[in-house]
Amino acid sequence: MKGKYHIVVQNSRVKFEFDIKRNITIIRGDSATGKTTLFSMIDQYSRLGVDSGIEISSERRCITVNNSNWDAVVDRTHESIVFIDEESTVIKTEEFARKIKGTDNYYVLITRENLPNLPYSVEEIYGIHNSGKYGDLRKTYNSFYRLYSIDNNEINDAEVVVVEDSNSGYEFFRDAVGREVLCVSAGGKDNVKKSVQAYADKRTLVIADGAAFGPEMNELYMCMKNHKGLNLYLPESFEWLVLSSGLIDGNRVKDMVEHSENYVESLECFSWERFFTKLLVKETEGTYMQYSKSGLNPVYLNDKEKKAIADCMDKVKGIIKTE
């Protein structure tokens, strides 16, 4: 399953309207923000149809699952949008992660947990915004808003750069920031917070793959409250940066980067991070720019290539040394 889907769920009193474009979407928020209402309305419609008094507009079937039947429902469900409420504790388990990895559905998880077993994007963590009355005096309109909005002001100064991985992306940034800035690898997204805390007295920039960094965002946001010199740069992935730089020619590649939801097949790629890696490897195979995630091709450190990548990193290009 791939694509972007516009969904409307409504009855005579309330209306929810939102878009889903990745295989995992997270909805968070305190009590009484509408999360349970949304789930209940979809559940009622699944059981009663139009007799529920609820209308659902969606190109794909919307269904709900719970603790008692989740695995059976997932096994027989295809190319649907599956909603799971926070009362379903199964979403925290490795078993759940393994099960949905091999499916062609999209999943909307209503939870306040961080879910480290799932590679979801920082861009797909939402709260529900209540904008008051909609249409008439009886109906309340609800829409999603991104829970974590990163400041996009340019960052020109850092004493320490913490890079999530230890492979090609880290090799690029270690070279690109120059000797004046300490560049360290966190050795994986699970270790980013620990690395940040080790440099709590320094102006620190974290560079991580936003496409799968969602589980770490809550704790890192808490760190930002106490670490005033901490900044985040969360592109989809290093491979996404290379693909966005224009170094790989062709309108087809450009469209795949700019409208990835139309190309990422959920059954094949559990996260968009993997899609961009596969795409870059395929597009550079047999060329002088041949890419490997495990070790950086030195050509990417040449002035021309380095500058092209830096120029598409508006937020941090002032830290990158291209000459």
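**A pocket and two cores**

Let me begin with α1, which contributes four residues to the lining of the second largest pocket and thereby gives the most to it. I should say at once that this is a predicted model, and what follows should be heard with that in mind. The pocket itself holds about 200 Å³ of space, and of the 13 residues that line it, those closest to its centre are S46, I63, T64, N69 and V73. Besides α1, which spans 35–48, the elements that give two or more residues to this lining are β5, at 62–65, and α2, at 70–76. Sorted by class, the lining of the second largest pocket comprises four nonpolar, five polar and four charged residues.

Let me turn now to the interior. In soluble globular proteins, nonpolar side chains tend to be buried together. Here the largest nonpolar core has 43 residues, of which V161, F173, L205 and Y300 touch the most other members. At least two residues of this core come from each of β10 (160–163), α4 (168–176), β12 (204–207), α7 (238–244), α8 (251–258), α9 (272–284) and α10 (303–311), and α9 gives the most, with five residues.

Which residues, then, does L205 touch, if we leave aside those up to four places away in sequence? Its partners are I155, A158, V160, V161, V162, N231, L232, Y233, V316 and I319, and V161, as I mentioned, is itself among the core residues that touch the most other members.

Finally, there is a second, separate core, made up of 38 residues, and V90, L118, V196 and C223 are included in it.

Conventions
Residues are numbered from 1 along each chain as its sequence is written. This is a predicted model: local features need pLDDT of at least 70, side-chain atom pairs count only at pLDDT 80 or more; totals for chains, interfaces and linings use all residues. Side-chain values use heavy atoms; hydrogens and water are left out. On a 1 Å grid over the protein atoms alone, a cavity is a set of points where a 1.4 Å probe fits but cannot get out, and a pocket is an open set with protein on both sides within 12 Å along at least five of seven lines; lining residues have an atom within 4 Å of a point. Grid points are joined across faces, edges and corners, and a volume is the space filled by probe spheres set on the points. Ala, Val, Leu, Ile, Met, Phe, Trp, Tyr, Cys and Pro count as nonpolar, Asp, Glu, Lys and Arg as charged, and the others, Gly among them, as polar. A nonpolar core is a set of buried Ala, Val, Leu, Ile, Met, Phe, Trp, Tyr and Cys residues joined through side-chain atoms within 4.5 Å. Buried means under 20% relative accessible area, exposed over 50%, partly exposed in between (1.4 Å probe, protein chains only). Contact means heavy atoms within 4.5 Å.
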